[in-house]
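This report looks at one helix and its surroundings, and then at one sheet with the helix that packs on it.

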Amino acid sequence: MKPVEIKKDIFWVGAVDWNSRDFHGYSLSPRGTTYNAFLVKDEKITLFDTVKSDFYDELLCGIAQACGGTPRIDYLVVNHLEPDHAGCLDRIVERFHPEKIFCSPMGEKALRSYYHHSESWPIEVVASGASVSIGKRTVQFIETRMLHWPDNMLSYIPEDKIAFSSDAFGQNWASTERFCDEVDRTALQSALADYYANIVLPYSPVVLKTLDALAGMNLALDMLCPDHGLIWRGHDEVAYALNAYREFALQKPTKKAVIVYDTMWHSTEKMARAICDGLADEGVSVRIMSVKHNHHSAVMREVFDAAAVIVGSPTHNNGILPLVADVLTYMKGLRPQNKLGAAFGSFGWSGECVKILTEHLSGMGMEMVEPAVKVKNLPGHDTFQACFDLGKKIGQAINAKLAS
Ligand code: FEO
């Protein structure tokens, strides 16, 4: 895509990846994504971040067009070293020979370990709060460590009230539009939540601290530019994004439960439906998610704002089915908080499933609702009743929790 002038002499020069579905190698991006890079034309022409290496040519074209045909990069700011943002660093450095490359202290460590031949690069490590003049403008660097890697930082230009926030406030969203206010808000909100649930969630305590620190700095801000997706334009839009992140980070549960399961001969599946009926009887909205039909990142998007996670698996070779183990491993890494948990499953002879599932869920700090339900081979009336009762009990616990 052509570069887009988002403020006077400030250009989006990124790339739209319409075909991205495997985001960062572990999460789905059903709408594709973008790799946002920004070029500021001042006395020092400054590039903020690059793009995934496959899109180098597009970046180059964007830089050339934004520079009016004579491309030049004097300063390069590396807000984040993950390869979808720093994947073109070496080629940009070799082509433009920037005078300075700015990064955070952790950014330097990451840069050296990604680019083994970078000894001669003019790297300038910047402390959080440090500023550099690029001409009429100043760039202030603010470390946003663990949002989403240790090296992340945000670059702020007070003269333009604009911040380049790297991963924070991004969404996976491929489109011809560049601004959040140009697309459907419900879909965008869902994409923002999806991104948070799968990328940012484990760092929620850091998000809260960072939001407080930014609020304390009283930055005048009317444009927030993440490295993925659309740009938040205008004071109200920036406030919307900051507020959404605060709400996400607090992880307040909603009246919703997710039943995640796998099944061999449909016994565990039938139990899932009976548990669902019990929950629905208590007015709880339920998502039943077979792990054969739902990627772990789609499951996590639903778990993110749910009050309860109920997991079922048959016993298989003294364990649980592998796709259930996959979801649980993924979920544990994302550290969801404030959840109720419950387990269920069927078995043929040894029956360890429920014990294993309970260990997984309680190990994530979930408050377990008992008794878990386990059945040998095929569920009958008593098992369905036990499942329904478990669903009701979880529903009552959700209602009590939300009322408190
Ligand atoms: Fe898309 Fe942490 O980078």
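In this predicted model, the cover over the buried residues of helix α8 includes the strands β18 (256–261), β19 (285–290), β20 (308–312), β23 (340–347) and β25 (373–376), together with the helix α12 (381–403). The residues of α8 that are buried are Ser267, Thr268, Glu269, Met271, Ala272, Ala274, Ile275, Cys276, Gly278 and Leu279. As background to such a list, an α-helix has 3.6 residues a turn, so residues three or four places apart point the same way. Helix α8 itself, residues 267–281, comprises 15 residues and reaches 22 Å from its first C-alpha to its last, which is close to the 21 Å expected at 1.5 Å a residue. After α8 comes Gly283, which has a positive phi, near 80°.

Elsewhere, seven strands form an open sheet with mixed pairing, in the order β1-β2-β7-β8-β9-β10-β11. Because β1 (4–7) and β11 (123–125) stand at the edges, each with a single partner strand, one side of each is left without a neighbour in the sheet. On average, and with direction ignored, neighbouring strands of this sheet are turned by 25° against each other.

At the β11 edge, strand β10 (residues 100–103) runs parallel to β11 and is joined to it by three bridges; Ile101 has Ile123 in β11 as its bridge partner. Helix α4 (residues 105–114) packs on the sheet, where it touches both β10 and β11, and its direction makes about 145° with that of β11.

The residue ranges of the two helices described are set out below.

| Helix | Residue range |
|---|---|
| α8 | residues 267–281 |
| α4 | residues 105–114 |

Definitions and conventions. Residues numbered from 1 in each chain as written. Predicted model: local features only at pLDDT ≥ 70, side-chain atom pairs only at ≥ 80, totals over all residues. Heavy atoms only, no water. Helix = DSSP H or I, 4+ residues; strand = E, 2+ residues; numbered from the N terminus. Expected span 1.5 Å × (residues − 1). Buried < 20%, exposed > 50% of the residue type's maximum accessible area, 1.4 Å probe, protein only. Contact = heavy atoms within 4.5 Å. Pairing = 2+ DSSP bridges. Axes fitted to C-alpha atoms, helices over the stretch in contact; angles between N-to-C directions.
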